[in-house]
Amino acid sequence: MITAVKHQLQQRSWLRQLLLLVLGGCLCFAYAPFELTLLPFVILPLLLAISWNLGVKQAFAAGFSFALGWFGVGLSWIYVSIDQYGGMPAVANVAVMLLLVAYLSCFPALALALWRWLCQRSELWRFSLPLIWLTTEALRGWLFSGFPWLGLGYTQTETLLGGLASSVGQYGITVVLWFIALAIVTGLRYRRPQNALLLVIIISLAWLAPGLQPLQRSGETTSVLLVQGNVQQSLKWQSDQQWPNILRYLDLTRPNYQHDIIIWPESAITALEPYADDILHNIDQAASINNAAVVTGIIDYDQQQDEFYNSVIVLGQQTANDDFMPAYRYGHDNRYQKHQLLPIGEFVPFEELLRPLAPLFNLPMSSFNRGAYQQANLQAKGQRLSTAICYEIAFSGQVRDNTTADTDFILTVSNDTWFGDSHGPWQHMQIAQMRARELGRPVLRATNNGVSAVTDEHGSIIAIAPQFTATTVSAEVANVRGSTLFAQAGQWPAIATALLGLLPLLRRLANRRGQLQQKSVQ
């Protein structure tokens with residue numbers, strides 16, 4: 001009898017883990033490019049319902065299985081680069097991918113386990129999950145340099161709920177999604193139709209929030225050109241391809257110098273900056289004569305310190321004064337050096353141990369130094385550009401800390417060629433759109449082969465280039481003034497929102513204190 005019961009429980013556990021794995025995998029379709037944005041309103045309540053009465057260990061396993069599906073499918077695009085450029089057997093490629101996904105899955109698992117541990121002590125902890133999840137997500141975005149990809153809030157980037165981004169940011173939208181899930185589950189489980197009122201309040205706030213931000217278009221516009229070179233990754237760093245690569249960008253740029261700002265993507269110039277003086281001076285002079293600014297990615301090599309930096313520099317017209325044509329010089333201050341480096345791709349942890357193991361740990365340009373966390377905005381024809389290179393755009397805190405009230409645009413340059421025709425570049429674009437909504441500034445995103453696009457201050461795409469094509473995309477971008485609540489307060493509004501889940505506990509404590517005071521008076 002006991003053996004049969006144990007077998008039944010084990011079978012149920014196996015089926016539960018499988019169901020959670022599938023649910024997590026389906027969540028990928030809520031993100032770009034699929035954007036089935038209603039999925040979180042089904043999947044998250046189901047995850048809660050399944051985990052509602054689990055023990056701590058079971059909850060950890062449930063969270064881990066769910067996250068394995070979530071990250072396994074959502075980040076499957078990473079396998080493209082590992083498989084094509086890693087130089088390892090297929091079995092090793094799969095093992096590396098599984099290791100990454102398993103590591104990331106520990107954070108949701110920890111959140112559910114901690115939530116269930118608290119709920120076992122008191123049912124009043126039920127609504128603490130948004131705060132716990134927020135904490136573990138922040139930890140995921142910080143530990144070991146962080147990997148804050150696939151935040152739940154990104155699923156709502158272009159929805160009505162995304163209107164909350166200007167107030168509480170992506171993390172705050174994640175918190176709200178969990179409150180909605182809790183309201184749905186408790187409403188159905190305990191027959192509380194009044195929970196629907198919470199949904200009405202959230203929808204109303206999301207609709208009102210963008211209009212309450214003190215943002216205003218100045219009436220001025222800036223003409224922007226994004227140049228997409230579509231250079232093959234396998235050829236990009238070959239020495240005999242340096243000049244053909246630069247020629248491609250020059251050919252695409254030459255007919256378009258009427259634009260105010262022309263943007264080339266990450267490391268568009270593959271020659272090291274100290275050894276590219278001639279070409280940089282030529283570009284600088286051509287842009288200056290045409291009263292334009294050229295912003296380009298390039299690798300800076302500091303010969304004195306023997307240090308490499310993934311950089312963005314400005315050539316041509318740097319100020320708003322058309323009569324002033326500064327000549328380029330190596331080492332000028334109008335540059336940005338990448339701070340948040342990509343593990344393996346740009347730096348190798350424990351490199352003495354890992355580099356000899358496989359080509360994956362010895363990719364070209366994988367020994368960069370970090371730039372400062374906060375850097376001055378780039379100046380291009382009088383416009384101030386808050387800059388993020390590649391996946392730095394996923395670090396909302398860093399982008400916010402580098403965006404000031406005087407910032408005109410958020411600039412992000414990237415090279416997503418590593419990930420082929422996958423959903424990765426579209427997720428990357430979606431993240432950039434969220435930064436626009438959070439900070440109330442248009443985003444200018446130039447990449448090697450897509451997705452290259454310009455958004456307005458609300459994150460809506462106003463111009464986009466087709467992927468895998470050598471082309472340009474042009475847009476007249478409105479200048480915006482004013483600062484969103486998120487720009488001013490950062491993550492504090494999200495934290496304050498998550499703390500609302502502790503109100504039942506605080507009410508209980510207040511009642512107990514009141515009862516004790518009454519007894520002491522009697």
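Contact here means heavy atoms within 4.5 Å. By that criterion, the elements covering the buried residues of α11 include α10, β3 and β4. The model is predicted. This briefing covers an open sheet of six strands, the helices α10 and α11 that lie against it, and two residues, Arg217 and Gln375, with their contacts.

**The sheet**

- The strand order is β5-β4-β3-β2-β1-β12, and the pairing is mixed.
- The edges are β5 (335–337) and β12 (471–481), each of which pairs on one side only.
- Direction ignored, neighbouring strands are turned by 30° against each other on average.
- Strands of a sheet pair through backbone hydrogen bonds, in either the parallel or the antiparallel sense.

**Strands β3, β4 and β5**

- The pairing of β3 with β4 is antiparallel and runs over 10 bridges.
- Within this pair, Ile298 stands opposite Ser311 of β4.
- The two strands form a hairpin, with four residues between them.
- Asp306, in the turn, has a positive phi of about 55°.
- On to β5: strand β4 (residues 307–316) is joined to β5 by three bridges, and the two run antiparallel.
- Ile313 has Arg335 of β5 as its bridge partner.
- Eight of the 10 residues of β4 are buried, so the strand is largely enclosed by the rest of the structure.

**Helices on the sheet**

- Helix α10 (residues 242–253) lies across β1 (216–228), β2 (261–263) and β12.
- The direction of α10 is at about 135° to β1.
- Helix α11 (residues 277–289) packs on the sheet and touches β3 (293–302) and β4.
- The direction of α11 makes about 30° with that of β4.

**Helix α11 in detail**

- The 13 residues of α11 should span 18 Å at 1.5 Å a residue, and the end C-alpha atoms are 18 Å apart, which agrees.
- Buried residues of α11 are Ile279, Leu280, Ile283, Asp284, Ala287 and Ser288.
- Seen down the helix axis, these buried residues fall within an arc of 165°, so they line one face of α11.
- An α-helix has 3.6 residues a turn, so residues three or four places apart point the same way.
- Asp278 and Ile289 are exposed, on the face of α11 turned away from its buried side.
- Just after the helix, Asn291 takes a positive phi of about 55°.

**Arg217, in β1**

- Arg217 sits in strand β1.
- Its relative accessibility is 47%, so Arg217 counts as partly exposed; the class lies between under 20% for buried and over 50% for exposed.
- Beyond residues up to four places away in sequence, Arg217 touches Asp456, Glu457, Ala478, Asn479 and Val480.
- With Glu457 there is a polar contact of 3.0 Å between the side chains.
- Arg217 and Arg481 are 264 residues apart in sequence, yet 6.2 Å apart in space, C-alpha to C-alpha.

**Gln375, in a loop**

- Gln375 lies in the loop between α12 (351–354) and β6 (378–380).
- At a relative accessible area of 17%, Gln375 is buried.
- Its side chain reaches the backbone oxygen of Gln337 at 2.5 Å.
- Neighbours within four places in sequence aside, Gln375 is in contact with Arg335, Tyr336, Gln337 and Asn402.
- Arg335, one of these contacts, is also the β5 bridge partner of Ile313.

Methods:
Residues numbered from 1 in each chain as written. Predicted model: local features only at pLDDT ≥ 70, side-chain atom pairs only at ≥ 80, totals over all residues. Heavy atoms only, no water. Pairing = 2+ DSSP bridges. Axes fitted to C-alpha atoms, helices over the stretch in contact; angles between N-to-C directions. Buried < 20%, exposed > 50% of the residue type's maximum accessible area, 1.4 Å probe, protein only. Polar contact = N/O pair within 3.5 Å; in protein donor to acceptor, adjacent residues only side chain to side chain. Expected span 1.5 Å × (residues − 1). Arc of directions from axis to C-beta.
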